[in-house]
Amino acid sequence: MSGENGKVRLAVFKLTSCSGCQQQIVDLGEQLLTLLDRVEVAYFLEASSDAKPGPYDVALIEGSVSTPHEEKLVKNIRENSKIVVSVGSCATYGGIQALRNWMKFEEVKKTVYEKPEWVEALEKSRPVSDFIKVDYAIGGCPANKLQLLSTLKQILIGRRIYHREESLCQECKRKGNVCVVVAKGEPCLGPIIKEGCGALCPSYRRGCYGCFGPMIDPKPNALARRFEDLGLSREETALRIRNITSWSEPVRRFLESYER
Amino acid sequence: MSGKEDYSEIKVEQLARVEGEGGVWVKVKDGKIDYVEVNIFEPPRFFEAFLKGRSYLEAPDLTARICGICPLAYVMAASRAMEKILGIKASDAANKLRKIAFYGEWIESHVLHFAFLHAPDFLGKHSIFEIAKEYPQFVKDAIAARNWGNRAIEIIGGRPVHPVGFRVGGLHRIIRKRELEPLLRNFDEVKKIGKRLLEFVLKLPIPEISYDMVFMSLKGEKEYPILEGVVANNLGEEFPEDEFEEHTIVEQKRYSNALHYRLKNGKPYITGPLARFNLNYELLSPEVRDVLEEFGFKPPLRNTYQSIIARAAETYHAILEIGRLIEEYREPNRAYEEAEVKAGEAMAIVEAPRGMLYHRYRISDEGKILYANIVPPTAQNYAAMEEDILKVGDLILKQPKEKAQKLVETTIRNYDPCISCSVHMIRLKIIEE
């Protein structure tokens, strides 16, 4: 590896986001300090003012691409990094801010700013993989810090990164939760959303609202029919499904046909 | 211009150790700083726009995503505003749980800032990683305190960043008293950690400078303000949270994606730990005041560099309060209050770790959000940051270029700016005319 004393050179970048996923990195606490034996933090502006230039071995990207500047930045990161990992649902799917992608952008700008013409932003908030090749993607709002740690460890030992991508329902069953859809008639995105959070919402007796993004081969059509059976209107159904990872490919395709 | 080195321009393209993206632009004329711009180039996220049409019940979880450092502040402000519209109040038990978790967030956020982001400035280091070698106990304590604060949020809300356990009217499920007990298992040690962290901060070499400034925060009646209170400032004004917009003006700046707030008379004001500390000192735990006074500190602190002291004091206070609140907690019969949905409008202010956070919503009779206005603390502090750099101008310009640059950065960091919130990092350029 190319860092000091053969350490892995790590860079952490922030795009359009809430800083919560970087927070998950900081929250590794003592484990992060232990990692420093093997990892050189070359660029992590939120944590250190000692920002070193590339090339990097591993770049972690938090946040979606939503400005012309970020579009250039991600291309630059790709050119300077061996492994690029998108961290969290903003970087991986476009994030909660992609909810504006479903609205007229001029209206959106006018709602928040008196002089919308001063605001420089792309019309849509998009995932990093729309612009560059991403080697590994970790969803989550926020990303699960143990998944992050395991990703870094797997990179350190040089193996291919693997995370389970079953539905949240599987995780929920293993936890022994009572199903909120069956028991309470509560709409829950669990059947189409990837596990990773520990089935938190159903553990609080509420429906999943989809932080971690779509599981492999989700069936949103079937879930929508179930929601309608629970008494939700088409509009309410669409609103439930159009949530934090609304701009992920399968959810977007579903919503485009469902709302037509 | 004085100083060992003659310079006409200083650039800090991106300020480090803050949450988000921005820069600072300083213009020097006749050996004096005469113009300052804090530019925010963190991309806008348009929350107020996409909240429209969504259910009032979604406001806490959606707005939490404005900030990964203080999501609970958003959860609390949104919940309280919606409860006001519906005419309900969360139970005393729910309020205790909210405060325990919210104080947990203060600890997590404050320690992140004063130990990880700010302390390196006073110790001449680039990061916590460098501090760890020289002051291992301090870093160990900081990590332990953050873990404990995060644990409080996790137990009640499910996870520290974007917790899921809270809702309009209370919580999603009843939290059992025994679930809270692990927090008290090593409580004596946690208290000692809080005290040691404060003592460490009180010994830091902090620049001596003081001037008049306006502080504004919530004011507590019997308790240090966190969830609610009246708005107060050191000009003697007090007004209810509903009148916030009548007492402030907002402007959009060409150079910034964040809006700037000032008092109606055009004066900048400071919100955050320093303001809360100065306006509510008597309500801090006596144990905290004892340590402060032992080191000779008394309010008002009129030096923004001392904001690090206020943050460490509030951290110790938060630890003690969590202990008290857990002792007093009695399990409620139901997790949340329910209400008939009705149309209406309301405002709520809570004390986020960085200061007053204002939410205002209007909802339809079906419970759809028609209008949202969210004013994060950092947006209120930008004008004060700019003014602050003007005021410490002499101190800054006495330094050689590289040090001047660092001092400007430290000055901005005094505010623990959460740029993610206010749009919501920092670029510094000093140009001499």
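Is B:Phe46 buried or exposed, and what is its relative accessible area? In this predicted model, B:Phe46 has a relative accessible area of 1%. It is therefore buried, since buried means under 20% relative accessible area.

**Backbone features**

Most residues other than glycine have a negative phi, and most peptide bonds are trans. B:Phe46 has a positive phi, near 60 degrees, and is not a glycine. B:Phe46 lies in the loop of chain B between strand 3 (32-40) and helix 1 (47-50).

In chain A, A:Arg205 also carries a positive phi, of about 60 degrees, without being a glycine. The loop that holds A:Arg205 runs between helix 9 (200-203) and helix 10 (220-229) of chain A. With a relative accessible area of 49%, A:Arg205 is partly exposed, because the exposed class begins over 50%.

Two cis peptide bonds in chain A are listed below with the place of the proline.

| Cis peptide bond | Omega | Place of the proline in chain A |
|---|---|---|
| A:Gly54 and A:Pro55 | about 5 degrees | loop between strand 2 (39-44) and strand 3 (56-62) |
| A:Cys141 and A:Pro142 | about 5 degrees | loop between strand 5 (136-138) and helix 6 (145-156) |

**Surface charge**

On chain B, the residues B:Glu287, B:Asp290, B:Glu293 and B:Glu294 form a negative surface patch. One of them, B:Glu287, belongs to helix 11 (residues 286-294) of chain B. The relative accessibility of B:Glu287 is 38%, so this residue counts as partly exposed. That value also meets the patch requirement of over 30% relative accessible area.

Notes. Residues numbered from 1 in each chain as written. Chains lettered and ligands numbered in written order. Predicted model: local features only at pLDDT ≥ 70, side-chain atom pairs only at ≥ 80, totals over all residues. Heavy atoms only, no water. Patch = residues over 30% accessible without salt bridge, like charges linked within 9 Å, V, L, I, M, F, W, Y side chains within 5 Å. Areas by Shrake-Rupley, 256 points an atom, 1.4 Å probe, with all protein chains shown as cover. Salt bridge = Lys/Arg side-chain N within 4 Å of Asp/Glu carboxyl O. Lys, Arg positive; Asp, Glu negative; His and termini not counted. Charge placed at Lys NZ, Arg CZ, Asp CG, Glu CD. Helix = DSSP H or I, 4+ residues; strand = E, 2+ residues; numbered from the N terminus. Buried < 20%, exposed > 50% of the residue type's maximum accessible area, 1.4 Å probe, protein only.
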